[in-house]
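Trainee: I've got a structure open and I'd like to learn how to read its features. Can you walk me through it?

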Amino acid sequence: MVNRSTRNPGALARFDASGQISTDVPSYAVNTGQASAALADVAGSLAGTLGKLADRAAKREGEMAGLSAGQQAGAAYLQSQQIGIEAGAVAGTGPWIEQAKAILRREEGFSDKTYYDVNAHRAGYGSDTTVTADGKVVKISQGMKVSREDAERDLDYRLTKREGLQVQKQLGETWATLPDGAKAVLSSVGYNYGSLPKNVVAAAKTGDLSALAAAVGGLSANKGRRAREAALILASARGATSPAPAGEPDGLVEKGNIDLAKRPQVENPDGSISTVRSMSFEEDGREVLVPTVSPDGKILSDEDAISLYRRTGQHLGKFSSAAQATSYAESLHNAQAAFYGVDQRKTGSVKAPAVAAAQPLSTAPLALRRDGTIRGEAYDDAALASWGWRMQEGVSNDLLAAQQEFQDDPAGFAGAAAQIRQRYVQDLGDPQAKEMFERSFVDRSQAYARNVAANHEKKLREEQVASFGAGLDARQVDIERQAQLLGANPDGDKIIGDQVRTVQASIDGAVAAGTITALQGEKQKQELAETAARGRIQGVYDALATPEAKEQFSLSILEDWKDQKGPLAAMPFAKVKAISDTLRRDAREQINAKSADNKVEAARLSSLIDDDVTSMTATGKGVDPSSTGLTPDHVRAVVGEAGLIKWQEAREHAGKVYDATSGMETQSADDIAQRLEVIAPKAGSAGYAEDLDVFEKAQKQASAVLKARSQDPAAAVDKAFPNVKALADQVDPQDPSTTQALVSGRLQAQKALGISDFEQQPLTNAEALQLARSVTSQRDPGLASKAMLDLVGQVDNTYGPQADRVLSQVLAAQGVDKEMATLGAGYFRRLSQGQKPTNADKRQAQVASETAASEGRGKSFTATGPSGDPLQASQSPARASTSSDFYGVPNYQQMQRLVDHPELAPAFDEKFGPGASTRIIGRPGNLSYQTPQGLVTIAPDGTQTIEPQPGQK
């Protein structure tokens, strides 16, 4: 509940002047003297007095005059009655927010000083906030002063941004259909409760203002205020703007098609009005609701109403069931009554009587005659009686309202009671009447005052208990936290024990002061001790390093309890076992999770270790431990000490292999042989098996280096020498100088490796094959000759001084013997320059061709081919004399495949002639070096032979 308002005084209480006066509450006693006895006599024997007056005509006349005077006096009570009558006038006057503010000002009252109510300090109009002139929302705190202007701003803030906005959100589309008076009341309820209760929301969404008023009036808090709010809702119904209920009716299948805002109004014999008297009937499985008032204002029988529907098709709606049609008919009846301004308390919707203008009340005090005559005494007695009955009802209601408004605030109630007393006293001009009133008022006010004082004391005690409980809870949480943080600290038990005893002493103090009972105190001390013990156990448990240790600790708790040791010794076994089981299960869960994680991590580490060893073998460096987590400690934790040792040994061995093989790509064959001789292991020496493995890996690496070097020298130096690789990366096809620099660098590097001039190659095999493809791809001999001449020009322009070597390699890539290719390079150059071959060129070519044929070196060319084309390759006479077959010329794809798969060399030679593969992948060479076992020879294909030293077998 956000705000609290004055409650309704409830049922009227009769005036009772027999109450006892207490000395411990504020009183309004005066010296009553003989008047009190007179009052008691009047009140106690009124019936007898009236009976006697009936026998006396003079007294009868005086009585009637006195009764009239008594009724006209009592202005304070009559004024309060008229305020209730005029309450409905608030509804329907202005926008809802202004009406809501007016209701809240009246119900909440204004206070510029703070007071504590329910759960917060409040001020202004019962709010726990205020809004300053600069628009800042400030929380009310004790001792604040709030101006009326700030309180008004707070009202606006709460109705537009807090509780008022919340009410609108709860009602959704229904909000817009309600009259302003109902909106104002619902905002007041939301202000009081913080939000609308569910039953009020449900009632509002029916669109029935009577149901809404009943829901609001039925709320339990502040019954008087709720009754006044319910009355305002009913009053606002006269200004309703919707002729139909709000929201979608339950079970509606088809909406009605009658204009409800223009219904005829039929006046019934009893003065009531009928607009949508209705009935329903079943048709095609649906319940059809139709009016029994015709469009021209006639009352229809059920049969006539159905007949009218069948002729016109007009209806109020079609529903799934008769019950749903009836429910909607009732809601529609109420909505029409509100829309047409009628009172729904009579069947048929009776017209509401106009509210008469309030008559001004008499402010004249009660004046008695006191003339000693029979008529005067009758007048005085009747006036006092009439005024007394009215006064007692008003006083009772006003004191009850004050008690409910200041139900736990004695000072506030005393101030309100003083104002009530003053208001009634001012109506009295007669001393006897005043004395009578003072006596009765004291008795009545004391009962309420004692109730307010008791509530105040109860509230103080509740606040004291709540404050003590909150403080104890805070200390208990703090002790538990400290107990856990101390963990296995050897001084932890003493530290926590001292704090527990201190708090337990404060609990004993609360028991002695009566704040809590002795039983409550013992229970709280026990809970505190158990909380501290649990905290100590949890702290030790959390401080243990491994889940396995935690599991063992959880099991040891029960053993300690059996031996009456440890912080849990005084606790019941069931609680100790519950703590032990909770910790044990937690530890087991950690163990299972750790085991699962270890399996995954072990698999990851195994892969990392393989990468690390491979990297060490190839580069001398392992993987980065900072990014991979591959550290000795981590490996030990996951795979154990044995796994760590195995990894370290493999890593050390990989380092030895790297030391034995690194840099071979940049060493000559002689240097490699000498290096292998140095690392050759000696049988019987320590570590022979490991050294032999390193040696064998070095041999394998040496064989691979020499094989790659013999097959493609240019590619081998590109890979081995970073500066050559850099030149290759810098080649610009549009800049011949970059290409010439690369070729020069390659040849220099090959020379440094001890490769003979004859075996050196300016191009990689792939580059030579690519250049040769322009010729070998031509099927037509004429086109092939032209392509060859174009190629010569291209090579000259691109390779400059090294053009002959490049052209020679290109010809060799086409299957021409290398010696013949060297000769052919110059031959083709002269042809490309328009020079004819000389007889000496022809003789030299003929001799080279015959020599190549006799050595089985495959294809050659002659000065003129069979077709007379000087560029056409042909079979030499010597070759023709030894075989009737002529070997074909390999194309680009066939030569590229041979380069990629050197093991196909025998098949390549068989197809394209002996020695053809050698011309493509290079002339083989052997590598020999001395070992303790003998001379080892490595062939280009990787095979090894050993020739034992003399005397060895």
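Trainee: How many helices and strands does the protein have?

Mentor: Helices and strands here are DSSP runs numbered from the N terminus, with H or I over at least four residues for a helix and E over at least two for a strand. By that count the protein has 37 helices and 17 strands. Keep in mind that this is a predicted model, where local features need pLDDT of at least 70, side-chain atom pairs count only at pLDDT 80 or more, and totals for chains, interfaces and linings use all residues. Residues are numbered from 1 along each chain as its sequence is written, and side-chain values use heavy atoms, leaving out hydrogens and water.

Trainee: What share of the residues is buried?

Mentor: Buried means under 20% relative accessible area, exposed means over 50%, and partly exposed is in between (1.4 Å probe, protein chains only). Of the 953 residues, 44% are buried.

Trainee: Which residues of helix α5 are buried?

Mentor: Start with the general idea: an α-helix has 3.6 residues a turn, so residues three or four places apart point the same way. In α5, the buried ones include Trp 96, Gln 99, Ala 100, Ile 103, Leu 104 and Glu 107. Their cover includes α6 (148-161), α7 (163-171) and α12 (223-236). The helix itself, residues 96-108, reaches 18 Å from first C-alpha to last, close to the 18 Å expected (1.5 Å times one less than its number of residues). Right after α5 comes Gly 109, with a positive phi near 75 degrees.

Trainee: At what angle do α28 and α30 cross?

Mentor: Axes are lines fitted to C-alpha atoms, for helices over the stretch in contact, and angles run from 0 to 180 degrees between N-to-C directions. The axes of α28 (residues 736-752) and α30 (residues 781-799) cross at roughly 80 degrees and come within 7 Å. That makes α28 roughly perpendicular to α30 (65 to 115 degrees). In the contact (heavy atoms within 4.5 Å), α28 supplies Pro 736, Thr 739, Gln 740 and Val 743, while α30 supplies Asn 797, Thr 798 and Tyr 799.

Trainee: Is Ala 454 buried or partly exposed?

Mentor: Ala 454, which sits in α17 (residues 431-486), counts as partly exposed because its relative accessibility is 42%. Its C-alpha is 9.2 Å from that of Pro 410, 44 residues apart along the chain.

Trainee: And what about Ala 505: buried or partly exposed?

Mentor: Ala 505 lies in α18 (residues 492-512). With a relative accessible area of 46%, Ala 505 is partly exposed.

How values were computed
Parallel < 35°, antiparallel > 145°, perpendicular 65-115°, else oblique.
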